[in-house]
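User: I would like to learn how to read cavities, pockets and burial from a set of coordinates. Could we work through one case together, feature by feature?

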Amino acid sequence: MSIASGARAGARWALVPVLAANMLVDALEVSATLVALPAVGSGLGAPITRVQWIVTGFAAGFGGALLLGGRLVEWFGRRRVFLAALLVFAAASLAGALADDVDLLIATRVVKGFCVALTAPTGLAIIVASVPEGEARRRAVSVYSLFGAAGFCSGLLLAGSLTGAGWRWTLAFPAPVALALFAAGLRVVPGEPAGTGGSGGGPRRYAAVAGGALTAAVLLLVYALAAGAWAGAVAAVAAGLVFVRAERASPRPLVNTALLRHAPLVRSALGAAALNGSYVGFLLVAALDLRRAGWSSWETALGFLPAGAPLALTALHSGRIAARLGPARAVAAGALAAPAGYALYPHSGGGGVRYAELVPAMSLVGLAFVLAFTALHLQATGSLPAGLQAAAGGLYQTCVQLGAALTPALASALYATSGRSAALWLVTAVGLAGAGVALAGLAPPSTDPS
């Protein structure tokens, strides 16, 4: 190996840890705030229907901005977008930790979701562009995926450790980490040759209007579900119509309509939205319930570990698991395991939940993600031409995040008005709907990408 090629290889392997560490920080945002959520509500004197926004607002910002984020990368380049998003993410983390007003905190969570919609897919794109195809790239992508899967467990442990000292520490922790990654990124994230930033990139106005309208529609729908506000639902429909009109007028819409006719993608996106939405909704209800029963943040974090640890431990083997079972069968098994876990959680009774009751439920939910999550993505994109897979992945991930915004919003509203049982039955019903979609995928062998 020449000195020059050795230097390039060294630079690549300095780059991968920076991008992977950022993915870990992105991934821990949901689990850390789930554990801290009851303490945040108590600290700010906010009801459940308001404080749930620190979870759903993040997911709404993430899902609403993913499609537009791809265009921003085209227009301004991967390096600029990635580094700018890191800076804004750090500032929003600090602002959220210092907030004394719940509305300001919610706004910072939406902004952080928007930033993660830029950094997570862009980090993977930087790896693909910087690491040569073959074994080196496979190792790099595996490291990146492993850190993302480990982020959930890291967030639990982080929140369990810090929330006891004060919930603001949990929200502030990502700020210095993001700044450190920004400083490292300035040195290792490569620039792009002239022209790859996509300075033309099609009519930006249509894309900006469509992206803004989609984000607004999601936020308004979350508000309508959480607050039971019909005006919010009407406004969400109006924003959705603006999105559709902007898409139809654009010569290059954010959503390739041909993808909406691809049954495996649509089915997988719906199944993933149901799985992720019911999963986050279940953990939100459990976090509120355990706090009411007197559990500390650390005890809650340990109780949630069985729901996240299996995915982290099997992340490097998830593709082989899906291939061995076949994506459709793996998805169906996982989609059945999730509602089984929700059903095992005690649905009634005023007493506290014991570890012996919690662990089986959480373990089945963790198993569901091991079986279904990677398989869903493979099923969504595996039978599409290579030129459409990136667009399909963006649409699929948008649905994943929208599920995590909408189901928890409605679950929190039911928990506040009707109690634990009603919220859990809703979560279970969403999980069963996802299982129905998955089981339907077993019928036509021709649509199974395996």
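User: By class, how many nonpolar, polar and charged residues does the lining of the largest cavity have?

Analyst: Before the case itself, please keep in mind that this is a predicted model. As a general idea, rolling a probe the size of a water molecule over the atoms shows where empty space is left. In this structure, the lining of the largest cavity has five nonpolar residues, two polar residues and one charged residue. The residues concerned are Leu34, Val35, Pro38, Ala287, Arg291, Trp295, Ser297 and Thr300.

User: Which elements give two or more residues to the lining of the largest cavity?

Analyst: Those elements are helix 1 (3–44), helix 11 (263–292) and helix 12 (297–314). Helix 1 gives the most to this lining, with three residues.

User: How many cavities of 30 Å³ or more does a search of the whole structure find, and how much space lies in the largest cavity?

Analyst: The search of the whole structure finds five cavities of 30 Å³ or more, and about 50 Å³ of space lies in the largest cavity.

User: Let us turn to pockets. What volume does the second largest pocket have, and which residues are the closest to its centre?

Analyst: The second largest pocket has a volume of about 520 Å³. It is lined by 25 residues, of which Val255, Leu260, Leu395, Cys399 and Leu402 are the closest to the centre of the pocket. Two or more lining residues come from each of helix 10 (230–249), helix 11, helix 16 (386–418) and helix 17 (420–440). When the lining of this pocket is sorted by class, it has 19 nonpolar, four polar and two charged residues.

User: How should I read the chain as a whole, and what radius of gyration would a compact globule with 450 residues have?

Analyst: A useful way to begin is to set the radius of gyration beside the value that a globule rule gives for the number of residues. With 450 residues, a compact globule would have a radius of gyration near 22 Å, and the protein chain has 21 Å, which agrees with that expectation. The C-alpha trace spans about 65 × 50 × 45 Å along its principal axes, and the protein chain has 17 helices and zero strands. Among contacts in the chain with a separation of 6 or more, 84% are accounted for by residues 24 or more positions apart. As for burial and surface, 53% of the 450 residues count as buried, while the chain exposes about 18000 Å², of which carbon and sulfur atoms supply 68%.

User: Now for single residues. Is Lys112 buried or exposed?

Analyst: The reading rests on relative accessible area, with buried meaning under 20%. Lys112 is buried, because its relative accessible area is 3%. This lysine is found in helix 5 (residues 102–130). Not counting residues up to four places away in sequence, Lys112 touches Glu29, Phe58, Phe89, Ala92, Ser93, Leu171 and Pro174.

User: With which residues is Val111 in contact, leaving aside its neighbours within four places in sequence?

Analyst: On that basis Val111 is in contact with Val88 and Ala92. Val111 is found in helix 5, and its relative accessible area of 35% makes it partly exposed. Sequence distance and spatial distance can be read side by side here, since Val111 and Gly148 are 37 residues apart in sequence and 20 Å apart in space, C-alpha to C-alpha.

User: Where does Val141 lie, and what is its relative accessibility?

Analyst: Val141 lies in helix 6 (residues 135–162) and counts as partly exposed, at 25% relative accessibility. Leaving aside neighbours within four places in sequence, Val141 is in contact with Leu124 and Ile127. The C-alpha atoms of Val141 and Val128, which are 13 residues apart along the chain, are separated by 8.1 Å.

User: What is the place of Asn256?

Analyst: Asn256 is in the loop between helix 10 and helix 11, and it is partly exposed, with a relative accessible area of 30%. Its C-alpha atom is separated by 40 Å from that of Leu157, 99 residues apart along the chain.

Notes
Residues are numbered from 1 along each chain as its sequence is written. This is a predicted model: local features need pLDDT of at least 70, side-chain atom pairs count only at pLDDT 80 or more; totals for chains, interfaces and linings use all residues. Side-chain values use heavy atoms; hydrogens and water are left out. On a 1 Å grid over the protein atoms alone, a cavity is a set of points where a 1.4 Å probe fits but cannot get out, and a pocket is an open set with protein on both sides within 12 Å along at least five of seven lines; lining residues have an atom within 4 Å of a point. Grid points are joined across faces, edges and corners, and a volume is the space filled by probe spheres set on the points. Helices (H or I, at least four residues) and strands (E, at least two) are DSSP runs, numbered from the N terminus. Ala, Val, Leu, Ile, Met, Phe, Trp, Tyr, Cys and Pro count as nonpolar, Asp, Glu, Lys and Arg as charged, and the others, Gly among them, as polar. The radius of gyration is taken over C-alpha atoms; the globule rule is 2.2 Å times the number of residues to the power 0.38. Buried means under 20% relative accessible area, exposed over 50%, partly exposed in between (1.4 Å probe, protein chains only). Contact means heavy atoms within 4.5 Å. Accessible areas come from the Shrake-Rupley method with a 1.4 Å probe; for residues, only the protein chains shown count as cover.
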